[in-house]
Amino acid sequence: MNAPARSPSLEFIVGRRSIRVYRPGEIDEPTVQALLEAAMAAPSAVARDPWRFVVIRSRATLTAMTQILPNGQMLATAALGIVVCGELEAAHDRQLSYLLQDCAASVENLLLAAHGLGLGACWLGIHPREARVQKIASLLGIPAGVIPVAAIALGWPGETKEPRTRFNGARVHRERWGGP
Ligand SMILES: Cc1cc2nc3c(=O)[nH]c(=O)nc-3n(C[C@H](O)[C@H](O)[C@H](O)COP(=O)(O)O)c2cc1C
C-alpha cells in the first residue's frame with residue numbers, strides 16, 4: 001500500500017520532529033500557558049484529566065535532570081522542561097493504564113502545539129523506569145501517588161528536520177487481522 005497523498009492541513013503532524021538542539025532564547029509565559037492549554041485539551045478517559053505538569057526553568061534543576069535521564073542531555077541547553085505527571089487517584093478507575101494513556105495524549109498535544117508555535121521539543125521517557133521515576137519525583141518534590149510519566153525538553157530550534165512520514169501499509173489490517 002502506497003503512502004496516501006498528504007493534505008496540507010495535516011502537514012504539521014508529519015512536520016513535528018524530535019528537536020534536540022536548541023539556540024539560546026527564553027520561552028515567555030503566555031507561550032508556556034498556550035502549551036499547557038494544548039496539553040490539557042487532549043482526550044482523557046471519562047474526562048478525568050489526571051495529568052499534572054511541573055514547569056522547570058531553573059538551569060540547576062534542568063542540569064540535575066540530565067543526571068537522571070541518560071537520553072535527556074539536551075535539557076542542559078533547553079529553555080525549559082515540562083514534566084508530565086499523572087495522579088493515580090484522579091485516573092479513571094484509578095487504573096495506571098488510563099493514567100498513562102491520558103498523559104501520553106497530553107504529551108503529544110503539547111509536542112504538536114510546540115511545533116505549531118515554532119518551538120523545538122523532544123519527549124523524554126521517565127515511566128516505567130523505576131529509578132528514573134523515583135529520582136525525578138524526589139528532585140521535583142512530587143508527592144506519593146503522582147507518577148512522573150515523561151519530560152519534555154523545549155527551546156527555540158537549533159536544528160531543522162524534514163517532515164517524515166512513517167506510514168507503512170503492512171501495519172494496517174482491513175476488517176480482520178491479515179485481511180486484504
Ligand atoms: C515513550 C517515549 C520515550 C522517548 N524517550 C526519549 C528520550 O529519552 N530521549 C530522546 O532523545 N528521545 C526520546 N523519545 C523520542 C523518540 O526517539 C522519537 O519520537 C522517535 O525517534 C521518532 O522521531 P521523531 O519524534 O522525530 O518523529 C521518546 C519517545 C517516546 C514516545
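**Helix contacts, cores and unusual angles**

Colleague: Which residues in α2 meet α4?

Modeller: This is a predicted model. In it, α2 brings Leu-35, Ala-38 and Ala-39 to the contact. They meet Ser-106, Asn-109, Leu-110, Ala-113 and Ala-114 in α4.

Colleague: Why is α2 called oblique to α4?

Modeller: The two axes come within 7 Å and cross at roughly 140°. Roughly antiparallel needs an angle over 145, and roughly perpendicular runs from 65 to 115. An angle of roughly 140° fits neither class, so α2 is oblique to α4. The crossing of α2 over α4 is right-handed.

Colleague: What classes of residue make up the contact of α2 with α4?

Modeller: There are 6 nonpolar and 2 polar residues, and no charged ones.

Colleague: What makes α3 and α5 roughly antiparallel?

Modeller: Helix α3 covers residues 59–68 and helix α5 covers residues 130–140. Their axes come within 10 Å and cross at roughly 165°. The cut-off for roughly antiparallel is over 145 degrees. The pair therefore earns that name. This crossing, too, is described as right-handed.

Colleague: Which residues in α3 meet α5?

Modeller: From α3 come Thr-61, Ala-64, Met-65 and Ile-68. From α5 come Arg-132, Lys-135, Ile-136, Leu-139 and Leu-140. By class, the contact of α3 with α5 has 6 nonpolar, 1 polar and 2 charged residues.

Colleague: How do you know that Thr-66 is buried?

Modeller: Thr-66 sits in helix α3. Its relative accessibility is 8%. Buried means under 20%, so Thr-66 counts as buried. Beyond its neighbours within four places in sequence, Thr-66 is in contact with Gly-72, Gln-73, Leu-75 and Ala-76. Thr-66 and Ala-76 are 10 residues apart along the chain, with 6.8 Å between their C-alpha atoms.

Colleague: Is Ser-106 buried or exposed, and what is its relative accessibility?

Modeller: Ser-106, in helix α4, has 0% relative accessibility. The limit for buried is under 20%, so Ser-106 is buried. Leaving aside neighbours within four places in sequence, Ser-106 has contacts with Ala-39, Ala-42, Trp-51, Phe-53 and Val-84.

Colleague: What makes Gly-25 partly exposed?

Modeller: Gly-25 has a relative accessible area of 33%. Buried ends at 20% and exposed begins over 50%. The value falls in between, so Gly-25 is partly exposed. Gly-25 lies in the loop between β1 and α2. Setting aside neighbours within four places in sequence, Gly-25 is in contact with Ala-79 and Trp-156. Gly-25 and Gly-155 are 130 residues apart in sequence, yet 7.3 Å apart in space, C-alpha to C-alpha.

Colleague: Which residues have the most contacts inside the largest nonpolar core?

Modeller: They are Ile-82, Ile-152 and Leu-154, in a core of 28 residues. The elements that give two or more residues to this core are α2, β2, β3, α4 and β5. α4 gives the largest share, 7 residues. Apart from this core lies another, of 23 residues, including Met-74, Cys-122, Leu-124 and Ile-126. In soluble globular proteins, nonpolar side chains tend to be buried together.

Colleague: What does Leu-154 touch, not counting residues up to four places away in sequence?

Modeller: Among its contacts are Tyr-22, Ile-27, Leu-35, Ala-78, Leu-80, Ile-82, Leu-110 and Ala-114.

Colleague: What is notable about phi of Asp-49?

Modeller: Most residues other than glycine have a negative phi. Phi of Asp-49 is near 45°, a positive value. Asp-49 lies in the loop between α2 and β2. At 31% relative accessibility, Asp-49 is partly exposed.

Colleague: And what about phi of Glu-175?

Modeller: Phi of Glu-175 is positive as well, near 70°. Glu-175 is in the segment after β5. Its relative accessible area is 82%. Exposed means over 50%, so Glu-175 is exposed.

Colleague: Where is the cis peptide bond, and what is omega?

Modeller: The cis bond joins His-127 and Pro-128, with omega about 10°. Most peptide bonds are trans. Pro-128 lies in the loop between β4 and α5.

Terms used:
Residues are numbered from 1 along each chain as its sequence is written. This is a predicted model: local features need pLDDT of at least 70, side-chain atom pairs count only at pLDDT 80 or more; totals for chains, interfaces and linings use all residues. Side-chain values use heavy atoms; hydrogens and water are left out. A nonpolar core is a set of buried Ala, Val, Leu, Ile, Met, Phe, Trp, Tyr and Cys residues joined through side-chain atoms within 4.5 Å. Buried means under 20% relative accessible area, exposed over 50%, partly exposed in between (1.4 Å probe, protein chains only). Helices (H or I, at least four residues) and strands (E, at least two) are DSSP runs, numbered from the N terminus. Contact means heavy atoms within 4.5 Å. Axes are lines fitted to C-alpha atoms, for helices over the stretch in contact, and angles run from 0 to 180 degrees between N-to-C directions. Angles under 35 degrees count as roughly parallel, over 145 as roughly antiparallel, 65 to 115 as roughly perpendicular and the rest as oblique. A crossing is left-handed if the near helix is turned anticlockwise from the far one by less than a right angle, and right-handed if clockwise. Ala, Val, Leu, Ile, Met, Phe, Trp, Tyr, Cys and Pro count as nonpolar, Asp, Glu, Lys and Arg as charged, and the others, Gly among them, as polar.
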